[in-house]
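Open the model in your viewer and keep the selection tool at hand. The tour goes stop by stop.

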Amino acid sequence: MKIGIIGTGQIGSTLTRRLTELGHEVYIANSRGPGSLSDLARETGAKPLTVREAAKAGEVVVVTIPEGKIPDLPRDLFAGVPDDVALIDTGNYYPRERDGRIADIEAGMTESRWVANQLGRPVVKAFNNIYARHLLERGRPAGSPGRIALPVAGDDKHAKEKVMRLVNDLGFDAVDAGGLDESWRQQPGTPVYTTDFDSDGVRRALAQASKDRKPNWRATEDSPGSFAQPA
Ligand SMILES: NC(=O)c1ccc[n+]([C@@H]2O[C@H](COP(=O)([O-])OP(=O)(O)OC[C@H]3O[C@@H](n4cnc5c(N)ncnc54)[C@H](OP(=O)(O)O)[C@@H]3O)[C@@H](O)[C@H]2O)c1
């Protein structure tokens, strides 16, 4: 499969490594441009592109940049990208340490709904609840006892199925976590966040999640930056 990856930090580079190992054709982009990606390209065989080119390069496109940087992406980035291209959002909102205040999320919008609104395009939420290192090292063949499971949330059935197959190929059970408005169940601070449960454990953890955003995951007066609300 052709896969575009926007953001080549901890998660983006991990996905690049694992997906190229599996034989996928991977196209990568970051904020500094293709010239800065030659080491990762040499190591993995992935092809460096601009962000605009990477958005149009895949049957699946992954956006994996800090939440607070999402508004820096071009507003029309996915204009003209066919509807059957699945867009994956791996993002998490870290208002205190990194992202600053995002008013809509503070007001209760799910993080991925906010990302989808910013990008003007439906997203599937996946890979947000596992540490990059575990994503790199802890994949196991299907059927392995204790195989880690990852929740996948999204409104488009076909896009979600495509992403769930990819999760399985990467060595993890995929658990359907419902539509995007249910995706608060896998956000930071929830029982499923970074806990590496198997599929029964993930289902239990999703069911036990509480919708209230925990105080540690809320912006404070001191949180850096602030973002205009989308129209
Ligand atoms: N790290 C984890 O274990 C982990 C696990 C699950 C989910 N997540 C979430 O996944 C997202 C990515 O996390 P990460 O840890 O991989 O981030 P990271 O290591 O800080 O890397 C961020 C990447 O985003 C790129 N970027 C930033 N602004 C951009 C822009 N405007 N256009 C294009 N690329 C841009 C950066 O490119 P440059 O370097 O060129 O600026 C860099 O490649 C975050 O929301 C994070 O919370 C992280």
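The stops below begin at the ligand and then move to single residues elsewhere in the chain.

**Before you start.** This is a predicted model.

**Stop 1: the ligand.** Select the ligand and look at where it lies. It sits in the largest pocket. Now show the residues around the ligand. There are 25 of them. The closest are Thr8, Gln10, Ile11, Ser31 and Arg32.

Colour this shell by residue class. Which class do you expect to see most: nonpolar, polar or charged? The shell divides into eleven polar, nine nonpolar and five charged residues.

**Stop 2: polar contacts to the ligand.** Select serine 31. An N or O atom in the side chain of serine 31 is 2.6 Å from an oxygen atom of the ligand.

Go on to asparagine 92. Here the backbone is the part to display: one of its N or O atoms lies 3.1 Å from a ligand oxygen.

Then pick arginine 98. Its side chain has an N or O atom 3.2 Å from an oxygen atom of the ligand. How much of the ligand's accessible area does the protein cover? On its own the ligand has 910 Å² of accessible area, and the protein covers 82% of that.

**Stop 3: asparagine 128.** Select asparagine 128. This residue is in the loop between β6 (124-125) and α7 (132-137). Is asparagine 128 buried or exposed? Its relative accessible area is 3%, under the 20% cut-off, so asparagine 128 counts as buried.

Add glutamine 186 to the selection. The backbone oxygen of glutamine 186 is 2.8 Å from a polar atom in the side chain of asparagine 128.

**Stop 4: serine 38.** Move to helix α2, residues 38-44, where you find serine 38. Switch on the surface. Serine 38 has a relative accessible area of 34%, between the 20% and 50% limits, so it counts as partly exposed.

Now draw a distance from serine 38 to threonine 64, C-alpha to C-alpha. The two are 26 residues apart along the chain. Their C-alpha atoms are separated by 19 Å.

**Stop 5: lysine 47.** Select strand β3, residues 47-48; lysine 47 is in this strand. Lysine 47 has 46% relative accessibility, which is not over 50%, so this residue is partly exposed too.

Finish with one more distance, from lysine 47 to tryptophan 217. In sequence they are 170 residues apart. In space, C-alpha to C-alpha, they are 36 Å apart.

Notes. Residues are numbered from 1 along each chain as its sequence is written. This is a predicted model: local features need pLDDT of at least 70, side-chain atom pairs count only at pLDDT 80 or more; totals for chains, interfaces and linings use all residues. Side-chain values use heavy atoms; hydrogens and water are left out. A residue is near a molecule or strand if one of its heavy atoms lies within 4 Å of it. A polar contact is a pair of N or O atoms within 3.5 Å; within protein, one must be able to donate a hydrogen and the other to accept it, and residues adjacent in sequence count only if both atoms are side-chain atoms. Accessible areas come from the Shrake-Rupley method with a 1.4 Å probe; for residues, only the protein chains shown count as cover. On a 1 Å grid over the protein atoms alone, a cavity is a set of points where a 1.4 Å probe fits but cannot get out, and a pocket is an open set with protein on both sides within 12 Å along at least five of seven lines; lining residues have an atom within 4 Å of a point. A molecule sits in a cavity or pocket if more than half of its atoms lie within 2 Å of its grid points. Ala, Val, Leu, Ile, Met, Phe, Trp, Tyr, Cys and Pro count as nonpolar, Asp, Glu, Lys and Arg as charged, and the others, Gly among them, as polar. Helices (H or I, at least four residues) and strands (E, at least two) are DSSP runs, numbered from the N terminus. Buried means under 20% relative accessible area, exposed over 50%, partly exposed in between (1.4 Å probe, protein chains only).
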